[in-house]
Amino acid sequence: MRNFSLKGYKCDKKYLSACIIALICSIICGIVLFKLVNINIYFKEFTSNYIYYVFNFKNSKLIFTHILSEVFYLYLFFVIGYFTRFKYISLILVFIRGIYFSVYTCILIGMNAFGGITVAVIVFIPASFASLVLCFLTVELCKVIDKRYCFVLPAAFALINTLILVLLVNIVFRVIIVIV
């Protein structure tokens with residue numbers, strides 16, 4: 001068990017507060033930019049496909065794109081956290097992910113009426129929030145965990161986040177749809 005020991009790890013409260021502030025600012029910017037982005041056909045197409053795949057339980061397309069993006073972002077956070085001394089650079093990525101999160105949430109809610117609100121509240125927002133938490137944990141824990149296992153940490157977190165998405169779509173969403 002000492003391989004996975006956190007060696008008396010204490011959370012960096014300054015970094016946590018900086019992440020929260022960056023996320024709040026990015027959500028505000030995303031809500032403001034929603035009207036400008038609303039014109040773009042690619043954002044609309046992505047959200048309508050996302051709703052279609054969730055409602056029709058087409059998990060393979062959701063899972064494949066989700067795990068690719070998670071692995072990409074988590075390894076970016078890992079590279080910044082592990083190979084640089086300035087983990088605050090990762091706040092740029094937190095800001096970018098927060099903007100995309102808020103823009104997609106606004107499009108889901110604004111453009112696709114009740115189906116979009118349902119998918120956003122039950123699936124998209126919790127999965128995105130879990131992704132942001134795992135990105136924070138990747139930066140925080142990459143130097144604490146044993147060097148033999150630290151390079152697998154982002155892939156394991158991407159798998160955990162994909163399992164969260166699968167559970168949200170296949171269990172939580174199906175139960176709510178069946179009840180209604």
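**Exercise 1. Classify the exposure of F151 and describe its aromatic partner.**

F151 has a relative accessibility of 38% and therefore counts as partly exposed; the classes are buried under 20% relative accessible area, exposed over 50% and partly exposed in between, with a 1.4 Å probe and protein chains only. The structure is a predicted model, in which local features need pLDDT of at least 70 and side-chain atom pairs count only at pLDDT 80 or more, while totals for chains, interfaces and linings use all residues. Residues are numbered from 1 along each chain as its sequence is written, and side-chain values use heavy atoms, with hydrogens and water left out.

Step 1. Assign the partner: at 18% relative accessibility, Y82 counts as buried.

Step 2. Describe the geometry. Y82 and F151 form an edge-to-face aromatic pair, 5.3 Å centre to centre with 70 degrees between the planes. Rings of Phe, Tyr and Trp (its six-membered ring) pair if their centres lie within 6.5 Å; planes under 30 degrees apart are stacked, over 60 edge-to-face, and the rest tilted.

Step 3. Place the rings in the chain. Y82 belongs to helix α3 (residues 59-83) and F151 to the loop between α5 (113-141) and α6 (153-179), so the pair links distant parts of the chain, 69 residues apart. Helices are DSSP runs (H or I, at least four residues), numbered from the N terminus.

**Exercise 2. Determine which residues of α2 are buried and how they are arranged.**

Step 1. Establish the helix. α2 (residues 41-55) has 15 residues and reaches 21 Å from its first C-alpha to its last, close to the 21 Å expected at 1.5 Å a residue; the expected span is 1.5 Å times one less than the number of residues.

Step 2. List the buried positions: F43, T47, Y50, I51, Y53 and V54.

Step 3. Examine their directions. Seen down the axis of α2, the buried residues fall within an arc of 165 degrees, so they line one face of the helix; the arc is that of the directions from the helix axis to the C-beta atoms. An α-helix has 3.6 residues a turn, so residues three or four places apart point the same way.

Step 4. Inspect the other side of α2, where I41 and Y42 are exposed.

**Exercise 3. Explain why the pair of F46 and Y104 ties together separate parts of the chain.**

Step 1. Under the ring-pair rule, the count comes to 21 aromatic pairs. F46 and Y104 form a tilted one, 4.8 Å centre to centre with 45 degrees between the planes.

Step 2. F46 lies in helix α2 and Y104 in helix α4 (residues 90-111), so the pair ties together parts that are 58 residues apart in sequence.

Step 3. F46 is partly exposed, at 36% relative accessible area, whereas Y104 is buried, at 17%.

Step 4. Both rings belong to one aromatic cluster, formed by F43, F46, Y50, Y100, F101, Y104 and F124.

**Exercise 4. Identify the surroundings of K87.**

Step 1. K87 is placed in the loop between α3 and α4.

Step 2. K87 touches D12, Y15, I80, V139 and E140, not counting residues up to four places away in sequence; contact means heavy atoms within 4.5 Å.

Step 3. The charged end of K87 sits over the ring of Y15, 5.1 Å from its centre. The criterion is NZ of Lys or CZ of Arg within 6 Å of the ring centre and within 35 degrees of the ring normal.

Conventions. Helix = DSSP H or I, 4+ residues; strand = E, 2+ residues; numbered from the N terminus.
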